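Reader: I should like to see on what grounds the terms in a structural description are applied. Please justify each one as it arises.

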Amino acid sequence: MSKRKKHPNKDIEAAVAYAESKQWTFKETGKSAHAWGILKCPRNKKDCRCGEFCISSIWSTPKNPKNHAKQIIRVIDNCIYIDKESGN
């Protein structure tokens, strides 16, 4: 896991840490971006999700942080490569 700032919300931080445990990478967004960061699938293949690569934006101040954290985890868990290739 690379050094990154922790998300101010504990639920979202836990979801980001979960993604990192599944080898997803975190990328910080620019200062003018609305997102706090982006998570990217380690596989990033064309056939993933009908051509939409596995990527998830992490919002800095979502309306409902718990639901946003659940959404992040759902994206990770629904990745078609994680279980098949790594056994995670």
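Author: The following exchange sets computed values against their definitions.
Author: This is a predicted model, in which local features need pLDDT of at least 70, side-chain atom pairs count only at pLDDT 80 or more, and totals for chains, interfaces and linings use all residues. Residues are numbered from 1 along each chain as its sequence is written, and side-chain values use heavy atoms, with hydrogens and water left out.

Reader: What makes up the pattern of helices and strands along the sequence?
Author: Helices (H or I, at least four residues) and strands (E, at least two) are DSSP runs, numbered from the N terminus. The protein has three helices and three strands, in the pattern α-β-β-β-α-α.

Reader: How do you know that β2 and β3 pair, and in which sense?
Author: Two strands pair if DSSP finds at least two bridges between them. Strand β2 (residues 35-40) and β3 share five bridges, so they meet this definition, and the sense is antiparallel. One of the partnerships joins lysine 40 to isoleucine 55 in β3.

Reader: Why is one side of β1 and of β3 left without a neighbour in the sheet?
Author: The open sheet has the order β1-β2-β3, with antiparallel pairing. Because β1 (25-28) and β3 (55-59) each have a single partner strand, they stand at the edges. Neighbouring strands are turned by 25 degrees against each other on average, direction ignored.

Reader: What does helix α1 touch, and at what angle to β2 does its direction lie?
Author: Contact means heavy atoms within 4.5 Å. Axes are lines fitted to C-alpha atoms, for helices over the stretch in contact, and angles run from 0 to 180 degrees between N-to-C directions. Helix α1 (residues 10-21) packs on the sheet, touching β1, β2 and β3, and its direction makes about 25 degrees with that of β2. Helix α2 (residues 65-77) lies across β2 and β3, at about 165 degrees to β3.

Reader: Why is histidine 7 called buried?
Author: Buried means under 20% relative accessible area, exposed over 50%, and partly exposed in between (1.4 Å probe, protein chains only). Histidine 7 has a relative accessible area of 5%, and therefore counts as buried. Histidine 7 is found in the segment before α1. Not counting residues up to four places away in sequence, histidine 7 touches residues including Ile12, Trp36 and Ile58.

Reader: Is histidine 68 buried or exposed?
Author: Histidine 68, in helix α2, has 5% relative accessibility and so counts as buried. Its contacts, not counting residues up to four places away in sequence, include Ile12, Ile58 and Pro62.
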